[in-house]
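Grab a coffee and work through the exercises below with the structure open beside you. Try each task before you read its solution.

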Amino acid sequence: MRHLMSPLDFSVEELERLFDLAGDIEAHRGKYAHACAGKKLATCFYEPSTRTRLSFEAAMLNLGGSVIGFSDAASSSASKGESVSDTIRVISCFADICAMRHPKEGAPKVAAERSSIPVINAGDGGHQHPTQTLTDLLTIRSLKGRLDHFTIGLCGDLKFGRTVHSLINALSRYEGIRFIFISPRELMVPDYVTEMLNEKNIPYEEVIRLESIMHRLDMLYMTRVQKERFFNEEDYVRLKDFYILDRAKMELAGPDMLVLHPLPRVNEIAVEVDEDPRAAYFRQVQYGVYVRMALILTLLDIHVH
Amino acid sequence: MLNVGKIEEGFVLDHIRAGKSLSIYHHLQLDKLDCTVAIIKNARSNKMGKKDILKVECDVDMMNLDVLAFIDHNITVNVIRDGEIVSKKELMLPKELKNIIRCKNPRCITSIEQGLPHIFVLADEKKEIYRCKYCEEKCTDSLQEQSPLL
């Protein structure tokens, strides 16, 4: 029995199979409509996350399965003091697979150790959010046709953004990737990330202004720069517009460049960019459902012919 | 000066930092053995000024002493046969430390989950980096500074 705790739990070859399956699901949705008939997904969300939970639930419903669960700790036995270990043992009796989000880092791992059903980490604090990374990878692979040999810019809060760290780790396993990190000095990628890239001889650059490198990018991964991350108001006011993607900045980019964003977007991408065919962030959400469908089938070891 | 006699068979842990012998006694669970154990505190040492020594009269192969490599590199393990030192045992950093150190990350599940052991995994042998099995937070204290907390 397998679980998914980190995006690196799957080898590159296993990811290829997962993405092939997701591609087949996208092309032949009807074929998979009853693949999980009689199976139940438990969504155990100890903190609210509407988007991720609904994506998992939509995935299971698309596969003909059903869904049970809770959407915040207050409505679960955690509010009575039940441990994660006990909860998962109970859930194992009700469901066939579990997606767990928890504010404490490592909670899904504890669940996986005690569980008799596959557990998917649906986000554990600031630690891991593997299905977001799988979503990002599938989006890139589907829209670019490959996961190697491109230049990707990552923009915004690169210091605290777990989706960014996971994506860098995941992409560092593919050949010919060049990273350009665009952030204010206060929010640069942590040392351990650049140390890992140095060790693997993966090229990267760190720049402050987005405009200066737009023309070189095959892909731009946007994240939000939060005001509270800055040390002072003055810096925030001076820098905030550097990290807002608008039509003017898009004009500097190539015709095939893709814009990704883990969402929710606040104001870092101007609404006017949504109409641009290079804006891929809403398609990214759809790929999130496909990859979760493929993941559920894979972990339940269900094969559709 | 107090003299503690030689042991005939067993092992001697020498060059223990003064005052640390009792915690090592507990980590190695020597209290569970029924053989003779001598705990010598604050012995005079040319190299260290003061040091602790543990003498244990049991077969060294019965014990897993690798945790000592984590607690203090400088400890030497002398294997004794017929009252003489016959070899020095080399210590390897253990792949896993269970309930030796506590995860200090307040966001880690170990901070709230009842009965969950604190497990650290050797993530980088060369750099001697251990990470919490659950949250992957690095154990930041130097090995010398680690004190047994559990």
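## Exercise 1: where the chains meet

In this predicted model, twelve residues of chain A and eleven residues of chain B make up the contact.

**Task.** Work out which elements of chain A give two or more residues to the side that touches chain B, and what classes of residue that side holds.

**Solution.**
- Start with the elements: α3 (84-94) and α4 (107-114) of chain A each give two or more residues to the side that touches chain B.
- Next, rank them: α4(A) gives the most, with three residues.
- Then sort the residues of that side of chain A by class, and you get three nonpolar, six polar and three charged.

## Exercise 2: two domains in chain A

**Task.** Split chain A into its domains and describe how domain 1 of chain A touches domain 2 of chain A.

**Solution.**
- First the bounds: domain 1 of chain A takes in 7-128 + 288-299, and domain 2 of chain A covers 131-284.
- Now go from centre to centre over C-alpha atoms, and the two domains of chain A are 27 Å apart.
- The contact draws 18 residues from domain 1 of chain A and 15 residues from domain 2 of chain A.
- On the domain 1 side, at least two residues each come from α1 (12-27), β4 (119-124) and α10 (281-299) of chain A.
- Sort that side of domain 1 of chain A by class: eleven nonpolar, five polar and two charged residues.

## Exercise 3: a helix pair

**Task.** Say how α1(A) and α10(A) are arranged, and what kinds of residue sit in their contact.

**Solution.**
- Begin with the geometry: the axes of α1(A) and α10(A) are 8 Å apart and make an angle of about 120 degrees.
- Roughly perpendicular ends at 115 degrees and roughly antiparallel begins over 145, so α1(A) and α10(A) are oblique to each other.
- The crossing of α1(A) and α10(A) is right-handed.
- Now the residues: α1(A) brings A:Leu18, A:Leu21, A:Ala22, A:Ile25 and A:Glu26. Facing them from α10(A) are A:Tyr290, A:Val291, A:Met293, A:Ala294, A:Leu295, A:Leu297 and A:Thr298.
- By class, the contact of α1(A) with α10(A) holds ten nonpolar residues, one polar and one charged.

## Exercise 4: one glutamate

**Task.** Is A:Glu113 buried, exposed or partly exposed?

**Solution.**
- Locate A:Glu113 first: it belongs to helix α4 of chain A.
- Count neighbours: 15 other C-beta atoms lie within 10 Å of A:Glu113.
- Buried needs 20 or more, and exposed needs 12 or fewer, so A:Glu113 is partly exposed.
- For a sense of place, A:Glu113 and A:Val291 are 178 residues apart in sequence and 24 Å apart in space, C-alpha to C-alpha.

## Exercise 5: backbone oddities

**Task.** Find the cis peptide bond in chain A and look up the positive phi values of B:His15 and B:Asn99.

**Solution.**
- Keep the background in mind: most residues other than glycine have a negative phi, and most peptide bonds are trans.
- The bond from A:Leu263 to A:Pro264 is cis, with omega near 10 degrees. A:Pro264 sits in the loop between β9 (258-260) and α10 of chain A.
- B:His15 has phi near 60 degrees and lies in strand β1 (residues 10-17) of chain B. With 16 other C-beta atoms within 10 Å, B:His15 is partly exposed.
- B:Asn99 has phi of about 55 degrees and is in the loop between β6 (96-98) and β7 (119-124) of chain B. B:Asn99 has 13 other C-beta atoms within 10 Å and is partly exposed.

Note on methods:
Residues numbered from 1 in each chain as written. Chains lettered and ligands numbered in written order. Predicted model: local features only at pLDDT ≥ 70, side-chain atom pairs only at ≥ 80, totals over all residues. Domains from an automatic or database assignment. Contact = placed C-beta atoms within 7 Å. Helix = DSSP H or I, 4+ residues; strand = E, 2+ residues; numbered from the N terminus. Nonpolar A, V, L, I, M, F, W, Y, C, P; charged D, E, K, R; others polar. Axes fitted to C-alpha atoms, helices over the stretch in contact; angles between N-to-C directions. Parallel < 35°, antiparallel > 145°, perpendicular 65-115°, else oblique. Left-handed = near helix turned anticlockwise from the far one by under 90°.
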